[in-house]
Amino acid sequence: MSTSYADCSTEELLDRLKMAGRNPHPDLIEACLERPDDLTPGLLEMFEEADADAHWMDEDPRWFGVVHAGKLLMTFKEPDAIPLFADLLRDPERKTLLEWFDKDLHAFSPPSVPALVEIVQDDEVHSYGRNLSISALGQIARDHPDETRERVLEVLRAELPPTTSEGQPDLDRDPTLDDSRHWTEVALVLAELHDEESQSRVEALYEADLIDEFMIGDVEDYRAILSGDRPPLDYDFDVMDEYGTPPSHRQSSEPELVEKLFERLEQAGRYPRPKLIEDCVRYHAYLQPHLLRIFREDVRANAQERRWDDDDPRWYRMVHAGLLLLEARDEEALPVFVRGFRRTDIHPFGEWFGEKLRLYGPAAVPALTELLHDGEADVWGRMEAARELSHIAWAHPQTQDEILSALRRVLPTQIDESPPDVSDEIADILWTNVACELARHQDAESRPQIEALFEHDLLDPMVFGDKDTYRQIVEGDVPAWAEFGPAAFDVVDWYERWYEPQQQQGREPERSTSQLENQRREWKRGQESAQGGHYEEGTFVKDVPDVGRNDPCPCGSGAKYKYCCG
């Protein structure tokens with residue numbers, strides 16, 4: 001340990017901790033760990049002074065002293081810190097600070113159970129604080145089953161609504177989105193504790209569509225967790241792992257190198273150095289469990305607060321993990337990618353990972369087919385599935401019959417006798433793009449369906465032309481709107497192409513986008529400079545709109561203007 005820290009007084013150590021910034025030296029943390037009794041009063045005072053207005057994206061050390069104080073108090077299992085953390089869990093104004101401790105709240109172990117239970121049972125606490133408390137109770141119950149399991153089960157079961165004699169949830173009011181997320185978190189923790197007593201009530205919530213499947217998965221995923229086939233993600237809290245092993249304890253070893261690589265990747269922000277990515281590829285076999293864990297967590301997490309225009313590394317670690325998993329064609333990650341494309345609230349997901357699931361080849365066909373036919377999924381995700389399946393059918397001819405059949409099933413049948421109800425108003429977007437893919441394969445079997453859709457004005461000619469153009473494509477007289485090409489992706493090359501120029505210019509790297517997304521982007525760029533128009537919160541507004549709300553969007557997406565750029 002550095003003598004400068006070993007010889008410091010208590011006050012000097014606290015002052016250095018306050019001014020250490022985001023990344024304090026591990027020797028400073030080690031010095032603090034050796035003097036818990038001396039430092040605890042000062043650490044409690046530091047933690048109580050947490051500033052709700054802290055600007056976490058700059059390097060002002062004042063913001064981070066409270067984080068270091070909290071981590072040390074957790075390590076000391078200081079009982080006087082438990083009510084301070086309870087106040088933090090209750091305070092919606094300090095959610096950003098709470099995120100620094102979101103996976104560590106179990107560290108106080110059984111003594112914290114009463115405080116966490118009180119928060120879970122308080123309907124006035126914001127959902128993020130309640131759900132973190134539920135998760136912490138779950139891990140405490142797993143780590144200390146003899147002392148806490150029965151109490152935790154009793155509390156969590158009481159959070160689920162009872163069922164009626166018909167087996168439906170017995171609700172006294174209309175449920176909110178926060179209710180659904182709360183019940184989902186409760187169901188997940190009860191499943192991880194293998195609580196069969198609550199199974200009927202959880203499955204009743206599934207039947208009533210009151211479980212958020214993006215957080216836990218479908219009912220089969222729930223049953224797999226309940227039976228122990230899918231183990232929970234447990235987090236071991238070790239403050240030296242958080243801050244890095246001090247130099248006096250370091251030994252040159254491959255596991256240590258892998259741990260450091262993962263820490264650097266998590267904190268890399270928007271622009272990781274290509275050399276870091278190259279090292280991650282080299283050690284992928286060791287990194288894979290960590291990459292898969294954070295990718296699963298971030299795809300399942302609530303994406304509403306992510307701000308992709310800042311450099312918060314929490315947003316971008318999902319991107320780096322996903323691209324590295326794609327590089328390895330990791331089949332465990334495939335259902336996670338499909339889950340991401342199902343969602344409507346991870347806006348850039350398709351831009352980062354669009355046109356890449358084809359890299360999995362035939363292995364991706366079942367999952368993509370399920371996404372394609374999932375009426376609850378985001379329509380843009382279903383269109384992505386259609387494009388990826390189409391490419392796989394071209395690249396792997398043995399899959400063509402299965403895939404073309406799946407694409408045909410998206411289109412309505414018996415259109416002339418019973419025209420489909422398109423009150424949904426997004427069905428025609430999907431039908432148009434599926435028709436495009438079938439035309440690219442010159443599929444004659446779907447021709448009657450597609451021509452009938454043209455006759456009833458249920459396909460958008462802006463996407464690939466009118467019925468005559470369609471016929472010429474199917475008959476091979478004119479080329480399709482986009483040619484097939486090899487599926488290739490090199491993650492190191494991808495980062496190298498954008499890192500240096502974007503660092504020099506201070507701009508965000510271009511994301512890999514599909515042709516459709518590029519069309520939308522180019523049209524918006526043109527509109528942004530148009531006379532009498534401007535952008536407001538990502539939406540272009542014209543003083544005198546010249547596109548009707550129900551007209552086709554001029555960006556070429558195939559959507560109505562009001563559902564796209566309007």
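This is a short dialogue on reading charges and rings in a predicted model.

User: Let's start with salt bridges. What is the idea, and how many salt bridges are there here?

Analyst: Side chains of opposite charge can pair when their charged atoms come close. In this structure the count comes to 38 salt bridges.

User: Which residue forms a salt bridge with E197, and where do the two lie?

Analyst: The partner of E197 is R157, and their closest N and O atoms are 3.5 Å apart. This pair links distant parts of the chain: R157 sits in helix α10, while E197 is in the loop between α11 and α12, 40 residues apart.

User: Is E197 buried or exposed, and what about R157?

Analyst: Buried means under 20% relative accessible area and exposed means over 50%. E197 has 54%, so E197 is exposed. R157 has 16% relative accessibility, so R157 counts as buried.

User: What does a salt bridge within one helix look like? Take R387 and E384.

Analyst: Look at helix α23 (residues 379-395): R387 and E384 are three residues apart there, about one turn of the helix. Their closest N and O atoms are 2.9 Å apart. R387 is buried at 8% relative accessibility, and E384 is buried too, with a relative accessible area of 3%. Salt bridges can also share partners: D102, K103, E266, R293, E297, D298 and R317 are joined into one network that way.

User: Where do charges of one sign gather on the surface?

Analyst: D143, D236, D238, D241 and E259 form a patch of negative charge there. To find D236, go to the loop between α14 (219-227) and α15 (239-243). Its relative accessibility is 76%, so D236 counts as exposed.

User: Now the rings. How many aromatic pairs are there, and what should I look at in one?

Analyst: The count comes to 15 aromatic pairs. For each, look at the distance between ring centres and the angle between planes: under 30 degrees is stacked, over 60 is edge-to-face and the rest is tilted. The centres of Y206 and Y222 are 6.0 Å apart with planes at 45°, so this pair is tilted. Y206 belongs to helix α12 and Y222 to helix α14, so the pair ties together parts 16 residues apart in sequence. Y206 and Y222 are both buried.

User: What can rings form beyond a pair? Take F47.

Analyst: Ring pairs can link up: F47, F85, F101 and F108 make a cluster in this way.

Key: Residues numbered from 1 in each chain as written. Predicted model: local features only at pLDDT ≥ 70, side-chain atom pairs only at ≥ 80, totals over all residues. Heavy atoms only, no water. Patch = residues over 30% accessible without salt bridge, like charges linked within 9 Å, V, L, I, M, F, W, Y side chains within 5 Å. Areas by Shrake-Rupley, 256 points an atom, 1.4 Å probe, with all protein chains shown as cover. Salt bridge = Lys/Arg side-chain N within 4 Å of Asp/Glu carboxyl O. Lys, Arg positive; Asp, Glu negative; His and termini not counted. Charge placed at Lys NZ, Arg CZ, Asp CG, Glu CD. Helix = DSSP H or I, 4+ residues; strand = E, 2+ residues; numbered from the N terminus. Buried < 20%, exposed > 50% of the residue type's maximum accessible area, 1.4 Å probe, protein only. Phe/Tyr/Trp six-rings, centres within 6.5 Å; stacked < 30°, edge-to-face > 60°.
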